[in-house]
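Subject: Structure handover

Hello,

Please find the structure below, followed by notes on what turned up in it. The notes cover helix packing, enclosed and open space, and one loop residue.

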Amino acid sequence: MPVYNASKYLEASVYSVLNQNYSNIELLVIDDSSTDDSLSILNRISTHDNRCKVIALSKNGGQSRARNEGFKYASGDFIYYMDSDDILPIDAITLMVVQMDEDTDLVIGDCITKGVDNVKLYSLKFDNNINLYNHYHIEESFADGKWNSAPWAKLIRKEFLKSNNIDFFEGIVMEDELWNFKVAYYAKKIKIIKNIVYEYYIRENSTMSQGVQNKHISSMIIIVNEMACFLKNKKDNVLTKSLVTMAFRLVASLNKKPNNDIKTKAIYKKISYCMKGYVFNKNMFSSFKIFCKSLLFLLPVSTWNTYIKILNKRL
């Protein structure tokens, strides 16, 4: 659990973990050089429950670095990531542990999202519990957005992450997108359960509530480039749909922002170059939306803004 200035919600979040009806857990809390009293709260809790282990970083490095540091200290067989202002239902870990067998890489549960207006949404797009064995179906389910691209609501075998060098890209936001992209690529068996194992809260001034910021734009550029490099010799892989979706999302975000026109065109050219060779394959025909989005990268850069506006009205 990475923590940065989360004192308002921290105690409830930590105790939702420590009060699980599955008691054999280790809670690693990484304080990312908070300036409020988060660290003192954590130290107080850890003195009463030795399952709570506090790692205090001397310099703020961001959520990715905090998660990566925490992973180094993990002693258990399974990893469950969560944020410091969210809540675990009391039976969350139990529900997932009982599903974990020898050949399962991860178990994905459902989550409930609670926004500032108390709207509740569910994340998984499966009708029932299901086991995904086939490598293609695992990748396709992620590329089609059937499971969320956050690290939470997932119980993951630690050795799976370690052996495939899956960590969080540091220095960006939206790092979860790239992390899940690699999880989907390497996973051989995933179990999906429809039980709610996470309560995600969208707070005022949170990353989710702030909309598209410059940091999101720069991060998406890095993510698109990383995905393209990863798929360089795998251009027929179904995850090219994820690449197209992210690249389209980047262009659509740029289209909404009052950026300098010269700067935007320069980014468009980089994206166009990056996407060469990834668009025209059979995977783009599996979904009308994906197909329409992929067509963008076959058009001249000068027409992108117009095409985005037309597509937004039609889709």
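At what angle do the axes of helix H8 and helix H9 cross? Before the answer, please keep in mind that this is a predicted model.

Helix H8 covers residues 214-230 and helix H9 covers residues 240-256; their axes cross at roughly 155° and come within 10 Å. Angles over 145 degrees count as roughly antiparallel, so H8 is roughly antiparallel to H9. The crossing of these two helices, H8 and H9, is left-handed. On the H8 side the contact consists of Ile 217, Met 220, Ile 221, Ile 223, Val 224, Met 227 and Ala 228. H9 meets them with Ser 242, Leu 243, Met 246, Ala 247, Arg 249, Leu 250, Ser 253 and Leu 254. By class, the contact of H8 with H9 has 12 nonpolar residues, two polar and one charged.

H9 also packs against helix H11 (residues 288-295), at an angle of about 60° and with the axes 9 Å apart. That angle makes H9 oblique to H11. The crossing of H9 and H11 is left-handed. Lys 241, Val 244, Thr 245 and Phe 248 of H9 make this contact with Ile 290, Lys 293 and Ser 294 of H11. The contact of H9 with H11 divides into three nonpolar, two polar and two charged residues.

Ser 294 appears again in the lining of the largest cavity. The structure holds one cavity of 30 Å³ or more, and the largest cavity has about 40 Å³ of space. Besides Ser 294, its lining is made of Val 279, Phe 280, Asn 281, Met 284, Phe 285, Phe 291, Leu 295 and Leu 298. Seven residues of that lining are nonpolar, two are polar and none is charged.

At the other end of the numbering, helix H1 (residues 7-18) packs with helix H2 (residues 38-48). Their axes are 9 Å apart, at an angle of about 25°. Angles under 35 degrees count as roughly parallel, so H1 is roughly parallel to H2. H1 and H2 cross in a right-handed sense. From H1, the residues in contact are Ser 7, Leu 10, Glu 11, Val 14, Tyr 15 and Leu 18, and from H2 they are Ser 38, Ile 41, Leu 42, Arg 44 and Ile 45. The contact of H1 with H2 counts seven nonpolar, two polar and two charged residues.

Leu 10 also serves as a reference point for Ile 87: the two are 77 residues apart in sequence and 9.7 Å apart in space, C-alpha to C-alpha. Ile 87 sits in the loop between E4 and H4. Leaving out residues up to four places away in sequence, Ile 87 touches Ala 12, Ser 13, Ser 16, Met 82, Tyr 198, Glu 199 and Tyr 201.

Strand E4 (78-79) and helix H4 (92-97) come up once more at the second largest pocket, where each supplies at least two residues of the lining. Strand E2 (27-31) and helix H3 (63-73) do likewise. This second largest pocket has about 640 Å³ of space. Of its 25 lining residues, Ile 25, Glu 26, Phe 78, Ile 79 and Tyr 80 lie nearest the centre. The lining of the second largest pocket has 19 nonpolar, three polar and three charged residues.

Regards

Definitions and conventions: Residues numbered from 1 in each chain as written. Predicted model: local features only at pLDDT ≥ 70, side-chain atom pairs only at ≥ 80, totals over all residues. Heavy atoms only, no water. Axes fitted to C-alpha atoms, helices over the stretch in contact; angles between N-to-C directions. Helix = DSSP H or I, 4+ residues; strand = E, 2+ residues; numbered from the N terminus. Parallel < 35°, antiparallel > 145°, perpendicular 65-115°, else oblique. Left-handed = near helix turned anticlockwise from the far one by under 90°. Contact = heavy atoms within 4.5 Å. Nonpolar A, V, L, I, M, F, W, Y, C, P; charged D, E, K, R; others polar. 1 Å grid on protein atoms, 1.4 Å probe; cavity = no way out; pocket = protein on both sides within 12 Å on 5 of 7 lines; lining within 4 Å. Points joined across faces, edges and corners; volume = space filled by probe spheres on them.
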